[in-house]
Amino acid sequence: MRLRFAPEARERLREGGYPNLQILEQLEGGYTLAQITVGTNTAGFPLELLSWIQSWGPRVEVLEPPSLRQVWLDEARAVVECFSAAQTSPSPRVYWGHSHPDRNRWQPLRVHLENVARLAAERAAPFAEEQSARLAGYLHDLGKYGDRFQLRLEGKAKGLDHWSAGAHVALFDYRLPAVALAVQGHHIGLQSGAKEQLKAMWLRTDGQGMPPELKLSEPNKDLLTKRLQDDGLTLPTPAPASPMTAPSRAADMLDTRMLFSALVDADFLDTEAHLHGAIRPPAPSLQVGQALTRLEAHLEALGQNERLPERIRALRQALSDAAAEAARRPERVFTLTAPTGLGKTLAMLRFALRRAKRDPRIRRIVVVLPYLSILDQTAKIYRELFAGFGTHYILEDHSLAYRPLHRELSDEQDLAELERRLLAENWDAPIVLTTNVQLLESLHANRPGACRKLHNLAGSVLLFDEVQTLPTHLAVPTLKTLAHLASEKYGAVVVFATATQPAFDTLHPRVQAGEPQGWQPVEMAPAPEVLFQQSRRVEVEWWLKNPTQTPCLVTLLETEPQALVVMNLKRQAHALFRQAAEKGLEGLYHLSTALCPAHRKGVLEEVQQRLQDGQPCRLVSTQVVEAGVELDFPVGYRALAPLEAIAQTAGRINRHGLRREGRLVVFVPEDEGYPDKAYQQAARLTRALQAEGALTLEPATFRRYYQSLYALQNVSDPEIENLIQTQNYAELARRYRLIETAAVNVVVPYNDEALTLMQEARNRGIAADWIHRARPYTVPFFLPKGGPPSFLETVFLRYGRGEAPDWYICPDPALYDARLGFTPEEDSGAGLVI
């Protein structure tokens, strides 16, 4: 027999206990774990021990065996009921779900469970999981019916687990692993769906919770379910027992996350309404008919714009019409392969609205972009196009999307910003603009905050632009998840658009292995090869035999009043810029991640204006200028790089076809270097393919390039594949990262606002609102091995303890150059992200 004695029993135990009593260990909090070996009666029960145990009263807890524990509990309850019966007119007990500063506004647990069950079912309805979501809503806070949790609401207890009881019931009574994982994870995040971890959901008799440092609010799940039913709630009758198969697919993980999303969003919403009142605004509808009419009228006006060559206008119209026609097809996965400058952004939007008009399941459009520069540009187009459709018709959700609250805003503006933040938490808007990082990492996340928006992807059209930026090693697991999202169950539609379409369809057997869907997209453009040939605007020259010296590049910039040079590394760009600056070249600019986002935005605006006005403009940049930056140079020079990067630079040359032909030179710099091994490998593949013959920037060339690249590089991280097999949600969320960097964030002294933020960090510490305001003045930075250099100041967390692990400030204006950005001392051993 195992018993746990309370701290106040320690002295009495030392005086002498029951015969054969052995103290096993001293537990945290002063508790004592003991073991007794005794004989039993003919029924196998230690009857003579029970009265001795009862003599200890509340100072002992029976842990094992379960039979003795149950008799001990039944005897204790009988005593309580006996004396309770003597009371006159007992009033039913109210179990509380949430406290409130005003005791009169405490929320009954029954009300909370009813609300969450209803809201979760509504959110899971688009993918036919209402019943599972409703059950999860009833069970998620089952442990709050425990007496210890009720004491916790009064501030008399802490360190409790109120979720494991509901997870136990979901798994062992209803045999629903997804519901059990969602209930278990609604506070601590999704854990693991592996067979052994699922078995561990059985409630422990010693009261240990999950994680183990917590204590169960009540280990008797039968008592909890009885209290729930006595509270007026009814659980469905479990189906007859059947074999339960442990999940092992990416599709299973998405199914669990979608159910989890419905539950946690419902839980957040009801808790928010209880604590703060109903301040969340209703989201506007997609208004498909009006939106499509507005868009097609805009496209017709663009077709009459005589500033663009008639040939380009005709090609844009053909691409838009092809996208509109593709919306009639029943498939759910598409590609749109078209040259830069032919209006893919609006063609995709036309496809999405046409598809929504035909398919009543489509509720929203999610535009997914790799870079903030292209996102800003797209947001501007969309907001102008749909002006008057409502304050929250278009929602941006990314690191720079939020304005500060209570800072020179009117009450109306302040309320609108607060409402926008609330809608961003679960993407409750008709059109959402977000980033690859935000969407794809959320689709593989395990935390409630990151996952609560996922259920709103059901019935969405997801428009991925510049899809070539997806890291190769994440290709297969990403496609597996997106393929299931685009299944009949979820009703989503996925579009991959780019001028340099990866050959993802060749990965179909890998994607389909063990999964219900593979990856076989339908191309929207009727003849991409012809489209590229007809829209050819740039001639590419390959200078690869010998390195091109930096002074030679400076001379080339002298001879070209408007030219773009793209280097692979910051140090290469800085060296070229400095030599060009010594020559006094007019209109000389620099772009790299050494410039904070606010600075980069200002530089791009100046460059765009000079190009438009025909003034001298020489831009020396790293690859931050590629993809989504609206620039149109007559000539460009690109350091040897992966073929898709070269094509992206070509997209900044003669972009609108206003010249007879643009010119792009690909060269090998004297200081040859690459950001990482994978980038170097792809660049050298480009060089090898060019040596075999003419290398044109057309779909067939890219297909050959990507097929060769997939043979050289892993298209799936083996560890991620193993985590999918073992259904390890927590570890997969940690491992799945689009941007793998150990860089920290440094706020730089770009302007007075940045300096004010630094002082606020010193005075008050940093919190989420500060981070949102600081993002525009932040650069990524690699710390040296010895720790942060002397020119960086640490900052402290406003809520919590200790220093912020990945945020620093650099107030020294000497380290932020007005043209080159953040330039810490060369011998510091530190470095900027390129």
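Which residue stands opposite leucine 591 in β19? Serine 621 does. That pairing sits in a predicted model, where local features need pLDDT of at least 70 and side-chain atom pairs count only at pLDDT 80 or more, while totals for chains, interfaces and linings use all residues. Residues are numbered from 1 along each chain as its sequence is written, and side-chain values use heavy atoms, with hydrogens and water left out.

**The parallel sheet**

A word on names: helices (H or I, at least four residues) and strands (E, at least two) are DSSP runs, numbered from the N terminus. Two strands count as paired if DSSP finds at least two bridges between them. With that in hand, take the open sheet of six strands, which runs β16-β21-β20-β17-β19-β18 with parallel pairing. Its edges are β16 (538–548) and β18 (588–591), each pairing on one side only. From one strand to the next, the twist averages 15 degrees.

Let's stay with β18. Four bridges tie it to β19 (residues 617–621), and the two run parallel. Besides the leucine 591 and serine 621 pair, histidine 590 has valine 620 of β19 as its bridge partner. Leu588 and His590 point one way from β18, Tyr589 and Leu591 point the other way, and all are buried. Here buried means under 20% relative accessible area, exposed means over 50%, and partly exposed is in between (1.4 Å probe, protein chains only).

Two helices pack on this sheet. For what follows, contact means heavy atoms within 4.5 Å, and axes are lines fitted to C-alpha atoms, for helices over the stretch in contact, with angles running from 0 to 180 degrees between N-to-C directions.

| Helix | Strands touched | Direction angle |
|---|---|---|
| α22 (residues 550–559) | β16, β17 (562–566), β19, β20 (635–639), β21 (662–669) | about 150 degrees with β16 |
| α23 (residues 570–582) | β17, β18, β19, β21 | about 170 degrees with β18 |

**The antiparallel sheet**

There is also an open sheet of four strands, in the order β2-β3-β1-β4, and its pairing is antiparallel. β2 (21–26) and β4 are the edge strands, each pairing on one side only. Neighbouring strands are turned by 30 degrees against each other on average, direction ignored. β1 (residues 2–5) and β4 pair over four bridges in the antiparallel sense, and arginine 4 finds its bridge partner in glutamate 61 of β4.

β4 (60–64) also leads into a loop before α3 (66–84), and proline 65 lies in that loop. The peptide bond from glutamate 64 to proline 65 is cis, with omega near 0 degrees. Another cis bond joins methionine 210 and proline 211, with omega about 0 degrees; proline 211 is in the loop between α9 (195–199) and β8 (215–216).

**Helices and cores**

Helix α4 (residues 109–124) has 16 residues and spans 22 Å from its first C-alpha to its last, close to the 22 Å expected at 1.5 Å a residue. That expected span is 1.5 Å times one less than the number of residues. Its buried residues include Leu109, Leu113, Val116 and Arg123. The buried residues of α4 pack against β5 (96–98), β6 (107–108), α5 (130–139), α10 (221–230) and α11 (250–276).

α11 turns up again in the largest nonpolar core, to which it gives the most, with 11 residues. A nonpolar core is a set of buried Ala, Val, Leu, Ile, Met, Phe, Trp, Tyr and Cys residues joined through side-chain atoms within 4.5 Å. This one has 147 residues, and Leu439, Phe464, Phe504, Trp519, Val746 and Phe822 have the most contacts inside it. Neighbours within four places in sequence aside, tryptophan 519 touches residues including Val333, Leu479, Phe504 and His508. A second, separate core of 48 residues includes Ile312, Ala327, Leu349 and Ala352.

Helix α19 (residues 475–485) packs with α28 (residues 718–725) at an angle of about 35 degrees, with their axes 9 Å apart. Val476, Pro477 and Lys480 of α19 meet Ile720, Glu721 and Ile724 of α28.

**Positive phi**

Glutamine 287, in the loop between α11 and α12 (288–303), has phi near 50 degrees, a positive value in a residue other than glycine. Asparagine 654 is not a glycine either, yet has a positive phi of about 45 degrees; it lies in the loop between α25 (643–650) and β21. Buried or partly exposed? Glutamine 287 is partly exposed, with a relative accessible area of 24%, whereas asparagine 654 is buried, at 1%.
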